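Here are some notes to read alongside the model, written point by point so that each can be checked against the structure on display. Please keep the sequence at hand while going through them.

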Amino acid sequence: MAKVKLTREEALAFHLEPTPGKWEIRATVPMTTQRDLSLAYSPGVAVPCEEIAANPELAYDYTNKGNLVAVISNGTAVLGLGNLGALGSKPVMEGKSVLFKRFADVNSIDIELDTEDPDEFCRAVKLMGPTFGGINLEDIKAPECFIIEQRLKEEMDIPVFHDDQHGTAVICAAGLINALLLSDKKIEDCRIVLNGAGAAGIACLELIKSMGARNENCIMCDTKGVIYQGRTEGMNQWKSAHAVKTELRTLEEAMKGADVFLGVSAKGAVTQDMVLSMAENPVIFAMANPDPEITPEEAHEVRPDAIVATGRSDYPNQVNNVLGFPYLFRGALDIHARAINDEMKIACANALAEIAREDVPDEVGLAYGQTLAFGRDYIIPTPFDPRLIHRIPPAVAKAGMDTGAARRPIIDMEAYEETLKGRMDSTAPILRGINNRARAAQARMIFAEGDDPRVLRAAVMYQRNGLGKALVVGRDSDVRKKLEEAGLADAVRELEVVNAGNTRHLETYKEYLYARLQRKGQNRQDIHRLASRDRHVFASLMLAHGHGDGLVTGATRKSAHVLELLNHVFDADAKHGAAGVTALINNGRIVLISDTLVHEWPEPEDLATIAERSAEVARHLGLEPRVAFVSFSTFGYPVSERAHKMHLAPLVLDRRGVDFEYEGEMTVDVALNPKAQEAYPFQRLSGPANILVVPARHSASISVKLMQEMAGATVIGPILAGVDKSIQICSTNMTANDILNMAVLAACKIG
C-alpha cells in the first residue's frame with residue numbers, strides 16, 4: 001500500500017475549513033416557537049430539574065448524561081510530541097471526540113485542563129462529574145496518569161478510563177488471544193517480554209496477567225534494562241509491582257527463548273538477532289508509533305514463522321485503539337455503568353478476537369481492497385468492520401451486568417443489538433472502499449483547471465495521498481505562482497504541468513477535433529482556438545487519446561457550460577444516454593438523485609435509461625440498487641399529466657428486463673420511509689429506495705441544494721455516467737477536498 005504523505009498545509013486546512021475545529025453542537029429538540037423555548041427552558045425545564053433532584057438516576061432519562069463522555073487532558077504527553085500544554089492538546093482531544101461519535105454514536109466534549117498538579121486535575125474532573133456518563137483521560141504523562149486515574153476511579157461513580165493505558169491493552173490482548181491460538185500456545189505457559197514501562201506498557205502487562213499470564217513468566221524492560229527484584233535505579237511503585245526475581249539484565253538477554261514480545265517503546269529497540277533468539281512461532285507486537293521497534297519485513301526476514309503486529313495502518317494486524325474505546329464506552333453507557341472494570345475490558349478483547357476468527361463480510365474486503373481471512377496477517381478486525389458496533393458493546397454490557405457495575409441492566413439483549421445496528425454509519429465503508437479502489441488503480445488524473453488554487457491543492461493531495469499521478473492543465477508560471485501562494489511551493493517539482501505549448505500531441509488533437517466538428521460549423525481556426533486555448537477541451541482531448549486515465553473539471557465554470565465543451569470531444573449528451581447522478585450523504589445514509597446534469601426534461605424512455613445509469617453507479621459504490629421514480633403523485637393519485645411519465649418509466653424497465661429493483665411513481669416519503677411503504681403492500685421495493693429518479697433537472701437541482709443547505713447533507717457529484725471515458729464535473733462552490741473526492745470517483749471509473 002502506498003504510504004500517504006500529509007503536509008503541514010493540508011493538515012492545517014483540514015482543521016480550518018469549512019469552520020475552525022472538528023465538531024459543533026446541534027439541538028435535538030425543536031427550538032422554533034415560543035412554546036418550544038418555554039419547554040426547553042423556563043418554565044418547562046423546572047419539571048425535569050425537580051424530578052432529578054428527587055431521584056438523581058433520572059438524569060439518564062431527562063438529560064444527555066447517558067450518552068455523553070468527556071475527553072480530558074492536560075497535554076503533558078500529546079501523541080509522540082511530548083508536553084505541548086493544555087491548549088496544544090486541543091486538536092487531539094477534538095479528534096478523539098469525533099471518533100467517539102463516528103464509531104459508536106457517543107456524544108463527546110473535549111476538555112483541556114491547564115494544570116500539571118494531579119490534585120488540581122482530579123478536583124476539576126470530580127466537580128464536573130454530574131455532567132457526564134463517562135470520563136476518557138488522554139495524553140497525560142506517567143506517573144501522574146496512574147495517580148489521576150486511580151483517584152478518580154475511587155472518587156467518582158461513573159467510568160474513568162485512561163485510553164493510552166487500557167485502550168492499547170485491550171486491543172493488544174485481543175490480538176494476542178488469536179496469535180497464541182495460531183501458534184498453538186497457552187498464555188499461562190508463555191514467556192512474555194515487554195519493552196516500555198510507561199502507561200500503555202504497564203496496562204498491557206496487567207491485563208494479560210489478569211487473563212492468565214503468570215507473573216514469573218513476564219519480564220518488563222525499560223531504557224535501563226530488565227526490571228528485576230532489588231533494582232533501585234529509575235524505579236517507581238508501578239514498575240516495582242512487575243519486578244521479578246531473575247538474573248536477566250538486558251532486553252537482549254530477556255528475548256532469548258521468549259514466546260511473546262510486546263513493545264510500547266521506540267523505533268529500532270529490537271534487532272533481528274533478538275528476534276532470531278526467540279522461541280518457535282514467536283509473537284511480536286511492535287507497537288511503537290510512528291515507527292515500530294522492528295518492522296514486519298525485518299522480523300520476517302529472519303523468522304518467517306513470526307506473527308507480527310504494529311501500530312501502523314500500512315501493515316497487517318494494526319493495534320488500533322479505535323477498535324476499543326468507542327465500543328467500551330458504548331456498552332458502559334448503555335448500562336449506566338459505575339466503572340469499566342477488568343472483566344469488561346477482557347470481554348471487549350474476547351469479542352474482538354472472536355470477530356477476527358469469523359468470515360469477513362464482503363463490504364469490509366471491498367473497503368480495504370483485499371480479501372481478509374483469519375490467519376497470521378489478520379488476527380485483529382479492521383476499524384471499519386460493521387460488526388464491531390453490535391458485537392462489542394453487548395459483550396461489554398453483559399460483563400458489566402455480571403460484575404455488578406450496571407445501574408440499569410439491559411433486559412432484552414437481542415433488541416439492544418438491533419438498536420446498535422441502527423447507530424452504524426453505513427456510508428463509511430462505501431467511501432473507504434472507493435478510496436482504496438482509487439489507490440489500487442493508480443490512475444493518471446487530469447485536473448483541467450490549473451489556474452485555480454483549490455484544484456491545485458486537490459491535485460497535490462491526490463498525488464501525496466498515493467492515489468496516482470496528477471496532470472495539471474495550465475501555464476507553468478501560473479501554476480508555480482498559485483502553489484507558492486497556497487504554501488505548496490515544494491509541490492512544484494511533483495506535479496506534471498501540461499498545456500498546448502509543451503505537448504507533442506497538439507496536431508493529433510486538432511485533427512481529431514476537426515473530424516468531429518467540421519460539420520458542426522467549426523473551421524480550422526476555430527478548432528485551433530478550442531484545442532490550444534480552452535483548458536476543458538484540451539483536457540478532454542488528452543483523455544480521449546489515452547494521455548490520462550480520468551478527468552476532473554468544472555470547478556471554475558458552470559456545469560452546463562463545461563458539459564457543452566466536453567461534448568466537442570465526447571458523446572456526453574442525452575441522445576447518447578449520458579446522465580448525471582448526485583450522491584447525497586446525510587446521517588449515515590446515502591441516496592442517489594438523477595438526473596442532475598444532462599437531461600432537462602426527460603421522457604419515459606430517458607427516465608428508464610437514467611435509472612439504468614444510476615443503478616450502475618450504485619453498484620460501483622457497493623450498493624444494491626433500489627430505484628424509485630418520484631413525483632408528487634403516488635401510484636396514480638392525484639392524477640396529473642406531468643406525473644404520468646413517472647408512471648410510464650417503470651413500464652419501460654419492465655420491457656427491458658433489468659436486474660434491479662424499481663417502482664413508481666411515488667412521493668419521496670413513500671420511497672424513503674418503510675412505514676409509509678407499508679400503506680402500499682403491492683409495491684415492489686424490498687426496502688427504502690437508494691436511488692431517486694426525478695421528473696426534471698430543475699427538480700433534481702432543487703432537491704440537492706435544499707438537502708445541502710437545510711439538512712447539511714454532503715454532496716458528491718454530479719457523477720457523469722454513461723460516457724466511454726471517466727469524467728467528473730465539479731461544481732463551482734466545491735472545496736479542495738470535494739474536488740479530491742471527485743478525482744477519487746474518476747479514478748474508480750464510477751459512471
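In which sense, left-handed or right-handed, does α23 cross α24? The first point below takes this up, and it should be kept in mind throughout that this is a predicted model.

1. The crossing of α23 past α24 is right-handed. The axes of helix α23, which covers residues 506-517, and helix α24, which covers residues 524-533, come within 9 Å and cross at roughly 125°. The two helices are therefore oblique to each other, since an angle counts as roughly antiparallel when it is over 145 degrees and as roughly perpendicular from 65 to 115.

2. The contact between these helices can be followed residue by residue: on the α23 side are Leu506, Lys510, Glu511, Leu513, Tyr514 and Leu517, and they meet Arg524, Ile527, His528, Leu530, Ala531 and Ser532 of α24. Sorted by character, the residues of this contact comprise seven nonpolar, two polar and three charged.

3. A second helix pair is formed by α25 (residues 535-544) and α26 (residues 559-566), which pack at an angle of about 45° with their axes 9 Å apart. That angle makes α25 oblique to α26, and their crossing is right-handed. From α25, His536, Val537 and Ser540 meet Val562, Leu565 and Leu566 of α26, and the residues of this contact are four nonpolar, two polar and no charged.

4. Turning to the sheets, one open sheet has six strands in the order β7-β6-β5-β8-β9-β10, and its pairing is mixed. At its edges stand β7 (225-226) and β10 (307-310), each with a single partner strand, so one side of each is left without a neighbour in the sheet. Within this sheet, strand β5 (residues 192-195) and strand β8 (residues 260-263) run parallel and are joined by four bridges, and asparagine 195 stands opposite glycine 263 in β8.

5. Helices also pack on this sheet. Helix α9, residues 163-183, touches β8, β9 (283-286) and β10, and its direction makes about 160° with that of β9. Helix α10, residues 199-210, touches β5, β6 (218-222) and β8, and its direction makes about 160° with that of β5.

6. Another open sheet has four strands, in the order β2-β1-β3-β4, and here the pairing is parallel. Its edge strands are β2 (107-112) and β4 (160-162), each of which pairs on one side only, and neighbouring strands are turned by 25° against each other on average when direction is ignored. Strand β1 (residues 68-73) pairs with strand β3 (residues 134-137) in the parallel sense over four bridges, with isoleucine 72 opposite leucine 137 in β3. Helix α8 (residues 144-155) packs on the sheet by touching β3 and β4, and its direction makes about 165° with that of β4.

7. Is strand β15 enclosed by the rest of the structure, or open? Of the eight residues of this strand (residues 579-586), seven are buried, so β15 is largely enclosed by the rest of the structure. The strand pairs in the antiparallel sense, over six bridges, with strand β20 (residues 714-721), where glycine 580 stands opposite leucine 720.

8. β15 also pairs with strand β16 (residues 589-594), again in the antiparallel sense over six bridges, and the bridge partner of asparagine 586 in β16 is arginine 589. The hairpin of β15 and β16 has two residues between the strands, and asparagine 587 takes a positive phi near 50° there. As a general reminder when viewing such strands, in a regular strand the side chains alternate between the two faces of the sheet.

9. Strand β17 (residues 626-630) is mostly covered, with four of its five residues buried. β17 and strand β18 (residues 661-666) pair in the parallel sense over five bridges, and in β18 the bridge partner of valine 627 is tyrosine 662.

10. The last point concerns a single residue, aspartate 402, which lies in helix α18 (residues 388-402). Its relative accessible area is 56%, and aspartate 402 is therefore exposed, the cut-off for that word being over 50%. The C-alpha atoms of aspartate 402 and glycine 268 are separated by 43 Å, the two residues being 134 residues apart along the chain.

Terms used. Residues numbered from 1 in each chain as written. Predicted model: local features only at pLDDT ≥ 70, side-chain atom pairs only at ≥ 80, totals over all residues. Heavy atoms only, no water. Axes fitted to C-alpha atoms, helices over the stretch in contact; angles between N-to-C directions. Parallel < 35°, antiparallel > 145°, perpendicular 65-115°, else oblique. Left-handed = near helix turned anticlockwise from the far one by under 90°. Contact = heavy atoms within 4.5 Å. Nonpolar A, V, L, I, M, F, W, Y, C, P; charged D, E, K, R; others polar. Pairing = 2+ DSSP bridges. Buried < 20%, exposed > 50% of the residue type's maximum accessible area, 1.4 Å probe, protein only.
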